[in-house]
Amino acid sequence: YNEYKSYLRVMNDKPPIRHGELTKRAIKRSATTIRAAFQKRYFKLFEDELVYYSSDGKTKKGSVLVETMKGCHKVDEEAFDKSCMFQVLFLESKKLRILYLKAKNEASRRQWMESIRKQIDLVVGNDQYDYYHRGIYHRNRTWTCCKQAEKYADGCCAASVTTESRERRVSRDVTTLTRDLNNTIPRRPSSTSTSSTSRNNSDTSGETLYRFKPGEHPFEHPFSEDEFSDED
């Protein structure tokens with residue numbers, strides 16, 4: 001599936017959103033070989049996939065689909081005794097995997113994290129993990145950040161949400177709420193002088209449904225005071 005999507009991208013000749021060299025820790029490598037597990041790789045971030053190649057950029061080594069990602073966060077410097085580290089959380093065969101990466105400097109780390117987070121927000125949306133571990137699961141069978149013994153224990157740090165991400169999430173929530181309200185909004189009795197056009201917009205019981213218009217806020221009450229007077 002990944003190879004097929006890569007083939008389509010090549011055929012469409014889509015340029016990467018961001019590319020450059022990062023130092024990568026082997027995803028499935030045992031934590032007992034922390035220092036020996038890092039290698040330089042050339043990364044390319046596309047709209048739907050993060051692909052990494054050999055250091056010369058010629059041989060593809062692997063990839064992570066954006067749709068499987070669950071977050072992108074910083075890593076404590078003490079975890080690997082390295083600066084400018086960050087992590088990409090993703091699912092593989094329904095199991096959590098963590099891609100640990102090291103940027104050349106703080107500016108590079110910030111740029112990569114912003115780009116990856118933006119794609120996760122666009123593709124994954126609200127289906128991201130709310131908590132994560134700033135440390136690593138160490139050789140002594142505990143997380144360095146919170147000392148929990150369970151490898152797949154819930155994260156101990158709340159995931160930060162950017163302003164842009166928060167606005168996109170709120171927009172999606174409002175859209176969903178508007179749709180739900182349109183499906184449950186109370187009906188208003190139609191007047192005896194309802195035109196044929198109005199009757200066409202009514203249901204079989206002769207009651208006209210109020211529908212929120214695009215851009216109309218669902219919390220702004222659509223009815224006038226007269227429609228809810230005691231005389232009704």
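## Exercises on a predicted model

At 67% relative accessibility, Glu78 is exposed (the label needs over 50% relative accessible area; buried is under 20%, partly exposed in between, with a 1.4 Å probe and protein chains only). Before you start: the model is predicted, so local features need pLDDT of at least 70 and side-chain atom pairs pLDDT 80 or more, while totals for chains, interfaces and linings use all residues. Residues are numbered from 1 along each chain as its sequence is written, and side-chain values use heavy atoms, leaving out hydrogens and water.

**Exercise 1.** Work out the strand order of the open sheet and find its edge strands.

*Step 1.* Strands here are DSSP runs of E, at least two residues, and helices are runs of H or I, at least four, both numbered from the N terminus. Two strands pair if DSSP finds at least two bridges between them.

*Step 2.* Reading across the seven strands gives β4-β3-β2-β1-β7-β6-β5, with antiparallel pairing. The edges are β4 (60-65) and β5 (69-74), each pairing on one side only.

*Step 3.* Zoom in on β2 (residues 38-45) and β3 (residues 49-53): four bridges join them. Leu45 has Leu50 of β3 as its bridge partner.

*Step 4.* Now add helix α3 (residues 106-123), which packs on the sheet and touches β1 (18-25), β2, β3, β5 and β6 (85-92). Contact here means heavy atoms within 4.5 Å.

**Exercise 2.** Trace the salt bridges that involve Lys70, Lys74 and Arg109.

*Step 1.* Look for a side-chain nitrogen of Lys or Arg within 4 Å of a carboxyl oxygen of Asp or Glu. The whole structure has five such salt bridges.

*Step 2.* Asp127 meets Lys70 at 2.9 Å, N to O. Asp127 sits in the loop between α3 and β8 (131-132) and Lys70 in β5, so the pair ties together parts 57 residues apart in sequence. Lys70 is buried, at 7%.

*Step 3.* Lys74 pairs with Glu106, the closest N and O atoms being 3.9 Å apart. That links strand β5 to helix α3.

*Step 4.* Glu106 also bridges to Arg109, at 2.6 Å, three residues along in α3, about one turn of the helix. Shared partners join Lys74, Glu106 and Arg109 into one network.

**Exercise 3.** Count the disulfides and explain the result for Cys156.

*Step 1.* A disulfide takes a pair of cysteine sulfurs within 2.5 Å. The count is zero.

*Step 2.* The sulfur of Cys146 is 3.9 Å from that of Cys156, its nearest cysteine sulfur.

*Step 3.* Cys156 has its closest cysteine sulfur in Cys145, 3.5 Å away, which is too far for a bond.

How values were computed. Axes are lines fitted to C-alpha atoms, for helices over the stretch in contact, and angles run from 0 to 180 degrees between N-to-C directions.
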